[in-house]
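User: I should like to learn how to read some features of a protein model. Could you guide me through them?

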Amino acid sequence: MRETDDCIRRPVFFRKLLNAVMWLLSAAGVALAVFCMLWILWSVIRNGAGVIGLDFLFCGSKPPGEPDNGVGNAILGTVFITLTAVVIGVPAAFAGGVGLAIYGQNSRIGNLIRFSVNVMMGLPSILAGVFVYALLVVTTGHRSGFAGSLSLAIILFPVVMRTTEDMILMVPAAVHESSLALGMTRARSVLCIVCRSIKGGLATGILLAVARTAGETAPLLFTALWSDAWPWHYFTQPTANLPVLINEYTTNSPSEEMHAMGWGAAFLITITLLLMNLALRFICREKKHA
Amino acid sequence: MFELFRKKENLRDRAFMILTLLCAFLPLAAAVGFLILLGGNSAEAFRTFGFGFLVSTQWDPVQELYGALPAISGTLLTTVIALGIAAPLGFITALFLVNAPEWLGHPLSQALDLLAAIPSIIYGMWGLFVLAPVMQDYIQPFLADTLRLGKLPFVGEDYNGFGFLTAGLILALMVLPYICAVMRDVFRMTPGPLREAAYGIGCTSWEVASDIVLRYGLRGILGAVFIGLGRALGETMAVLFVIGGIAELPDSLFGSGTTIAATLANNFNEADGLLRSVLFALGLILMLLSLSVQAAAQLYLRNMDRKRGEK
C-alpha cells in the first residue's frame, strides 16, 4: 500500500529526469568499461609492438646488457607447458563431463560433483600453484615445467568438464534415446551421435578455456618458476615461460631495457590470446547463423 | 557369435561408465586433496601460534613471529572496494546492453567479454606502469585535495599512486565482465509479460529495471556479485604490482598493504620451515574464504536455475 502511495506522489517530471539520468549513467558505464579495455590494449601495443623483431622472437633470454636478447626460450616453454596441460587435463575432463551428463542427473552424488566443479572453477589460481608445490615440488625436490603443466591442468579441468556437460545437456534427449533404441551401447551413442552433433561448440568452449589458462601466471610462480635456459629439461628444471618472464622483468628489474622486453612479451601474449578469442567467437557465431 | 559380440559391447559399455565416472570424481577429489594438503602443511603454524594467528598483526621474519590479520584485512578491503565499484557498474552496464539495439549491444557485449580474455599479469603491468602514475598525478590529488576527501578518516592525504584504492580499481575492472555477463542473463530471464505490464501502466525503463527486474532477479544478481567476489578474493598478479607488499594493517585507502595472494606470491619461493607453514596456513584461509563465497554463489544461482526451469 505504502509503495503505491509513493508512486503517485512521484511527479512525472522527476521520474522522467531520473530515467534520463540513469540512462546516461549506464551509457557512461559501458563507455568507461570499453574505454578501459581499449586503454589497456593501446598501452600494450604502444609499448610492446616496437620491441618485436627476429632477435626478440628467436633468441633466448639473457641477463640485461648482453646482445641478442630475446624471449624465444620463454615462448617455447609456454608452448610446452600449455600443451602438456592440455594433454593431461582435457581428455580426462571431457570424460568426466560426459560421465556427469549421462550418469549424474538428479542424483545426490551428481549434484555434489557439480558443486565441487563450480567451487574448483572459482578457486584462486595461486592455490593451484601452492597445491602442486606441496604435491610435486616438495616430494621430487625440484621445480619443473611439468609441475607448472599440472597446476594449469588443475585450473583447466573444471572449466572443460562444465563446458562438456552443459553442451551435452543441450542436445535433445530424443537424439540420445533414439540411437539407444537402435541398439547402440551408451558409449557408442554418446561418442558417435551426441558429441558429433556438438563438436563445433565443444571445440570452441575447450579452446576458449585453454586460451584463458595459457595466460595464467600465479600457478606457475612456485612450480615452473623461470630460467634463462631453453626448456630442454622440462621435467627436471625450472622452465622459462612468458607470464613469469613478464613478472620478473617488470618487478625485479630496474632497467628500462628489461621493462621494454616485458612489454614485448606482454604484447605477444595479449595479441595471441585476443586473436584466438576473437577468431573462436567469430567461427562460433557463423555456425549459429548458418 | 552374435552373443559374443553383445558381451564385448556390454563390457565396453561398463568400462566406459567406470572410466567417465572416475574422471567425474576428480574435481571432488582435488577439492578434498587441496584441503588435506593445505591443512597438513599449515599444522605447524597453527601449533606454534594457536588461533591467535588469525588476529595477530605481527610479521617479523627475524623473530619468526607471524600473524594473518594484515593479509586477511587487506584481502577483504581490496575485495570490498572492487565489488563496491563493479557491482553497481555491472548492473547499469548490463541494463544498457540488454536494452540497446542489437547492432550496438552485441559488439559492446563482446568487447566487455574481451576484458575477461586479457591475462591478469597484463592488468598488473598496466596498473604498475600506466594506472599508478595517472592515479598519483590526477585521480588521487583530485579526490584528496580538490574534493577535500583527504580530511576524512581512513582516506589520508599521503598518496603515491599505489595502495588499496588502485588495486581495488584494477580488480573492479577485472571482475566486471563476469558480473555483467551473469546480470545480462538475469535481465533476460525476467518474464516478458511482467516487464510489459510495468511498461503498460506507465513505468519508465529505469523503474522497470529497479522495481521489477531487480526484485525479480535479486537472487541471480546476488549470485553474480558472489561470482565477482570469488574472483576478486584470490586474484594475485593484478594486485601484486600495485598493493605495495607491506605486512601492515590497512590504515587508509591510499595506503599500502598486502593481501593473502600477494603475500604468498612474494614470499613463497624463498620460504622454508615455519614461514612456509605460515604461508600454507594463509593459503588454507584463502581457500576457506573462497569456498564459502562459492557456496553462497551456488546457492543463489541454483535457485535461479530452478526458477528458469519452471518457466
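Analyst: Let us begin with exposure. A residue counts as partly exposed when its relative accessible area lies between the cut-offs of 20% and 50%. B:Glu64 has a relative accessibility of 39%, so B:Glu64 counts as partly exposed. Please bear in mind that this is a predicted model.

User: Where in chain B does B:Glu64 lie?

Analyst: B:Glu64 belongs to the loop that joins β1 (59-60) to β2 (65-66) of chain B. Its phi is positive, at about 60°, although B:Glu64 is not a glycine.

User: Which residue of chain A has a positive phi without being a glycine?

Analyst: A:Leu225 has a phi near 55°. A:Leu225 is found in the loop between α11 (218-221) and α12 (242-251) of chain A. Its relative accessibility is 23%, and therefore A:Leu225 counts as partly exposed.

User: How many helices and strands does chain B have?

Analyst: Chain B contains 12 helices and 2 strands. Along the sequence, their order is α-α-β-β-α-α-α-α-α-α-α-α-α-α.

User: What share of the residues of chain B count as buried?

Analyst: A residue is called buried when its relative accessible area is under 20%. In chain B, 53% of the 311 residues meet this description. The accessible surface of the chain is about 13,800 Å², and carbon and sulfur atoms contribute 64% of that area.

User: How many positive and negative side chains does chain B have?

Analyst: There are 20 positive and 23 negative side chains in chain B, and the centres of these two sets are 15 Å apart. As for its extent, the C-alpha trace of chain B spans about 75 × 65 × 35 Å along its principal axes.

Note on methods: Residues are numbered from 1 along each chain as its sequence is written. Chains are lettered from A and ligands numbered from 1 in the order in which they are written. This is a predicted model: local features need pLDDT of at least 70, side-chain atom pairs count only at pLDDT 80 or more; totals for chains, interfaces and linings use all residues. Side-chain values use heavy atoms; hydrogens and water are left out. Helices (H or I, at least four residues) and strands (E, at least two) are DSSP runs, numbered from the N terminus. Buried means under 20% relative accessible area, exposed over 50%, partly exposed in between (1.4 Å probe, protein chains only). Accessible areas come from the Shrake-Rupley method with a 1.4 Å probe; for residues, only the protein chains shown count as cover. Lys and Arg count as positive and Asp and Glu as negative; His and the chain ends are not counted. The place of a charge is taken as NZ of Lys, CZ of Arg, CG of Asp or CD of Glu.
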